[in-house]
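The following note sets out numbered remarks for a colleague who has the entry open. The points go from the overall fold to individual residues and then to the main pocket.

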Amino acid sequence: FLLLLGASAASAAEPLHTRIDALVEAKAKADGVALSAQADDAEFVRRAYLDFAGRIPTADEANAFLKDAAADKRAKLIDKLLTAPEYPVRMADLFH
């Protein structure tokens with residue numbers, strides 16, 4: 001029991017996205033499914049804007065993202081899109 005409790009506490013300290021990725025990878029492995037490689041930055045920025053804003057990024061938005069050398073630029077973009085006025089409109093469209 002203590003071993004399980006320790007493993008649970010350790011995994012709870014990991015970021016949620018890391019725990020979700022581990023579950024998805026484990027399920028895919030168990031099912032014998034190969035996962036796709038991580039999207040490159042150009043594909044990521046396009047998908048993020050489509051998912052969160054309902055549109056493709058402008059050339060300026062895409063170029064700014066692609067030129068950003070920060071290691072956390074993907075997380076920053078998602079945070080930016082989640083707080084943008086387009087996000088609630090996009091979600092309303094999806095769930096309407």
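1. From the N terminus on, the order of elements in this predicted model is α-α-α-α-α-α. The protein thus presents six helices and zero strands.

2. On burial and contacts across the chain: 17% of the 96 residues of the protein count as buried. Where contacts between residues at least 6 apart in sequence are considered, 56% of them join residues at least 24 apart.

3. Helix H5 (73-83) deserves a separate remark. Its buried residues are Lys 73, Arg 74, Leu 77 and Leu 81. Viewed down the axis of H5, these buried residues fall within an arc of 100°, so they line one face of the helix. The cover over them includes H3, helix H4 (59-67) and helix H6 (86-95).

4. Is Lys 73, a residue of helix H5, buried or exposed? Its relative accessible area is 8%, and because the cut-off for burial is under 20%, Lys 73 counts as buried. A polar atom of the Lys 73 side chain lies 3.0 Å from the backbone oxygen of Asp 68. Leaving aside residues up to four places away in sequence, Lys 73 touches Asp 41, Phe 65, Leu 66 and Asp 68.

5. Thr 58 belongs to the loop between H3 and H4. With a relative accessible area of 40%, Thr 58 is partly exposed, since that class lies between the limits of 20% and 50%. Thr 58 and Arg 46 are separated by 12 residues in sequence, and their C-alpha atoms are 9.5 Å apart in space.

6. The largest pocket holds about 430 Å³ of space. Its lining consists of Ala 37, Gln 38, Ala 39, Phe 44, Arg 47, Ala 48, Asp 51, Phe 52, Arg 74, Ala 75, Ile 78 and Asp 79. Arg 74 therefore appears twice in this note, among the buried residues of H5 and in the pocket lining.

7. Which helices each supply at least two residues of the lining of the largest pocket? They are helix H3 (41-53) and helix H5 (73-83). The largest share, five residues, comes from H3. As to chemical character, the lining residues divide into seven nonpolar, one polar and four charged.

Notes
Residues are numbered from 1 along each chain as its sequence is written. This is a predicted model: local features need pLDDT of at least 70, side-chain atom pairs count only at pLDDT 80 or more; totals for chains, interfaces and linings use all residues. Side-chain values use heavy atoms; hydrogens and water are left out. On a 1 Å grid over the protein atoms alone, a cavity is a set of points where a 1.4 Å probe fits but cannot get out, and a pocket is an open set with protein on both sides within 12 Å along at least five of seven lines; lining residues have an atom within 4 Å of a point. Grid points are joined across faces, edges and corners, and a volume is the space filled by probe spheres set on the points. Helices (H or I, at least four residues) and strands (E, at least two) are DSSP runs, numbered from the N terminus. Ala, Val, Leu, Ile, Met, Phe, Trp, Tyr, Cys and Pro count as nonpolar, Asp, Glu, Lys and Arg as charged, and the others, Gly among them, as polar. Buried means under 20% relative accessible area, exposed over 50%, partly exposed in between (1.4 Å probe, protein chains only). A polar contact is a pair of N or O atoms within 3.5 Å; within protein, one must be able to donate a hydrogen and the other to accept it, and residues adjacent in sequence count only if both atoms are side-chain atoms. Contact means heavy atoms within 4.5 Å. The arc is that of the directions from the helix axis to the C-beta atoms.
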